[in-house]
Amino acid sequence: MIRGVETTLREELPPSWSARVVPDPSAPGVPGGRLDAAIVITTPAGVVVEFAAEVRTFGRGSAIDAATRGALLRDVVGMPTVLITNFANPALRDACVQTGIGFADATGWLRLVSDSPPLLIKTQGAAKSTATTRPGSTVRLNGPASARIIRMLLQASVPIGVRELAAASQVSPGTVAKLLPTLARDGAIERADTGAVARVRPRPLLNRWTADYSFAQSNPEVRWYLAPRGVADALSRISEEDEVTATGSLALREYLPAGTVPVTPLVLATFYTPHPAETAERLRLVDAEPGTANVALARPADTSLHGSRPKQGPMGYVPIAQALADLLTLPGRSPEEAEQLINYLAATDPAWRAEVKTT
């Protein structure tokens, strides 16, 4: 971790600057008399800026607790402090900013702030951890089991145990146990000492999911079509279909409060169906490229996403979490629609309101 941070600093600073990370420097007032490390930056004018560094891996523990420890170290040594970790996940970055300390990791995330002399260095790293995980853990979140667990986490009440989450998600407890360490390490959830999920961070969880998942790549069959007479004509024919489930822009319109004007007009109707080609033929659709299509049909990797439509209404809709994941990964202005729905959730649910959107 220390070598990675040192490399990032040297790559980002101008050649006339110098930067080094010193392991185990002495520090009066610190128990044991030594810091984990110190970051020393020297400007071309010879001004030296030093940061006390605490080096910690971060996984199951609370991001707030880790940042608070860093703030306590700053108060003890009386100098700017930075937390060096294996991966500065979104929750940890936000907690460090809130408590006024810096952060750095081996993937390139870096934020060093000094008031005297004034200095600000910021770089952006990886969207997810690149660390080697324990054998058998789930690293890529693009499969149907991961999707079921994440969708449930985004609507479940916490705390929730591994077996309870598995039963609600209709997956095995072993599958849940393999996924949770990755979500905790990447800051999407926090776990209690018992292993139960103690806190869910909806926006970081959604961002982490869509770092691996995409509508076009994660489903086994995705076809793009043109409805020659327009989207409205295609929608009128959907009432004749038994196993078509809407996602994307159509789901957005279902989940927004009545009377809310969507941020974009409906230009792409997106559906899940077990037989896209046959459904397209019945709907009288014409093959098209993604950039010109106004209808997309997908055979879902997770078969639970298609089913009979409700008796009251022309079609069924995917769960709101799935609609968000699809909007964030569909072309055009779909991500803007996702943000509109997220803003609505933030206005009604404190869990969504508590986190900032990260990139």
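This report covers a run of paired strands, one helix and the internal cavities of a predicted model.

Residue numbers start from 1 along each chain as its sequence is written. Local features need pLDDT of at least 70, side-chain atom pairs count only at pLDDT 80 or more, and totals for chains, interfaces and linings use all residues, while side-chain values use heavy atoms, without hydrogens and water.

**Strands S4 to S7**

Helices (H or I, at least four residues) and strands (E, at least two) are DSSP runs, numbered from the N terminus. Two strands pair if DSSP finds at least two bridges between them. The pairings are as follows.

| Strands | Bridges | Direction | A bridge pair |
|---|---|---|---|
| S4 (residues 81-85) and S5 | 4 bridges | parallel | Thr85 and Asp105 |
| S5 and S6 (residues 110-115) | 2 bridges | antiparallel | Phe103 and Arg111 |
| S6 and S7 | 6 bridges | antiparallel | Ser114 and Leu119 |

S4, helix H3 (residues 90-99) and S5 make a right-handed β-α-β unit. Right-handed means that, with the strands pointing away from the viewer, the path from the first strand over the helix to the second runs clockwise. S5 and S6 then form a hairpin with 4 residues between them. Gly108 sits in that turn with a positive phi of about 120°. The hairpin of S6 and S7 has 2 residues between the strands.

Burial is set by relative accessible area: buried is under 20%, exposed over 50%, partly exposed in between (1.4 Å probe, protein chains only). Strand S5 (residues 102-105) is covered on both faces. Gly102 and Ala104 are buried on one side, Phe103 and Asp105 on the other. Strand S7 (residues 118-123) alternates. Leu119, Ile121 and Thr123 point to one face and are buried; Pro118, Leu120 and Lys122 point to the other and are not.

**Helix H5**

In H5 (residues 162-169), the buried residues are Leu165, Ala166 and Ser169. They fall within an arc of 100° seen down the helix axis, so they line one face of H5. The arc is taken from the directions from the axis to the C-beta atoms. Exposed Arg163 and Ala167 lie on the face turned away from the buried side.

**Cavities**

A cavity is a set of points on a 1 Å grid over the protein atoms alone where a 1.4 Å probe fits but cannot get out. The structure holds 2 cavities of 30 Å³ or more. The largest holds about 70 Å³, a volume being the space filled by probe spheres set on the points. Its lining has 13 residues, each with an atom within 4 Å of a point. Closest to the centre are Ala147, Tyr213, Asn219, Ala301 and Asp302. Helix H4 (residues 144-153) gives the largest share of this lining, 3 residues.

How values were computed. On a 1 Å grid over the protein atoms alone, a cavity is a set of points where a 1.4 Å probe fits but cannot get out, and a pocket is an open set with protein on both sides within 12 Å along at least five of seven lines; lining residues have an atom within 4 Å of a point.
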